[in-house]
Amino acid sequence: MTSHDDRLDALGGRATAWADHLEPVDAETLLGYRAAHLADFAAATTRRHGDGRVSWVGTLPDGSRLWFLTNWSDQVVELLLTLDAEDPVSSPTHRAGEPVSHSPRAVLIVRQF
């Protein structure tokens, strides 16, 4: 369990319910913590496995609703979101109804704003 002051770097949110101490060995860290006692741990990770990908979110951000959109195909796909959202990792914003290009075999994280 963690205090409510533990913040997620990329989201600017708070880990409100728990904070797993993820220590990725061969996974990519997507999000980290700002709190000094959690700075060595990942908050969210992803890793290719066979033809797919496994992603793990080790916390529940402060009421933010996150969507993890996985493109399992080998092709770029176009998505139409039904809400205004932002990518908390790379920062672009997406307006409802505008096409979003999603890379093959990738995970896109979006948060409603």
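**Note on an all-strand predicted chain**

1. A96 is partly exposed, because its relative accessible area is 38%, where partly exposed covers the range between buried (under 20%) and exposed (over 50%), judged with a 1.4 Å probe and protein chains only. The residue sits in the loop between strand 9 (93-94) and strand 10 (99-102), strands being DSSP runs of E of at least two residues, numbered from the N terminus.

2. The model is predicted, so that local features need pLDDT of at least 70 and side-chain atom pairs count only at pLDDT 80 or more, while totals for chains, interfaces and linings use all residues. Residues are numbered from 1 along each chain as its sequence is written, and side-chain values use heavy atoms, with hydrogens and water left out.

3. Leaving aside residues up to four places away in sequence, A96 touches L81, T82, L83 and D84, a contact being heavy atoms within 4.5 Å. The C-alpha atoms of A96 and L81 are separated by 5.2 Å, although the two residues are 15 apart along the chain.

4. For the chain as a whole, there are 11 strands and 0 helices, a helix being a DSSP run of H or I of at least four residues. Of the 113 residues, 37% are buried, and among contacts between residues at least 6 apart in sequence, 47% join residues at least 24 apart. The chain exposes about 6700 Å², with carbon and sulfur atoms supplying 50% of that area, as given by the Shrake-Rupley method with a 1.4 Å probe.

5. Is N71, in strand 6 (residues 66-71), buried or exposed? N71 counts as buried because its relative accessibility is 5%. Its contacts, not counting residues up to four places away in sequence, are with V76, V77, H102, S103, P104, R105 and A106.

6. The side chain of N71 also makes a polar contact with the side chain of S73 at 2.7 Å, and a polar atom of the N71 side chain lies 2.8 Å from the backbone oxygen of Q75. A polar contact is a pair of N or O atoms within 3.5 Å; within protein, one must be able to donate a hydrogen and the other to accept it, and residues adjacent in sequence count only if both atoms are side-chain atoms.

7. Lastly, the lining of the largest pocket divides into 6 nonpolar, 2 polar and 3 charged residues, with nonpolar meaning Ala, Val, Leu, Ile, Met, Phe, Trp, Tyr, Cys and Pro, charged meaning Asp, Glu, Lys and Arg, and polar the others, Gly among them. A pocket is, on a 1 Å grid over the protein atoms alone, an open set of points where a 1.4 Å probe fits, with protein on both sides within 12 Å along at least five of seven lines, and lining residues have an atom within 4 Å of a point. Strand 11 gives the largest share of this lining, 4 residues.
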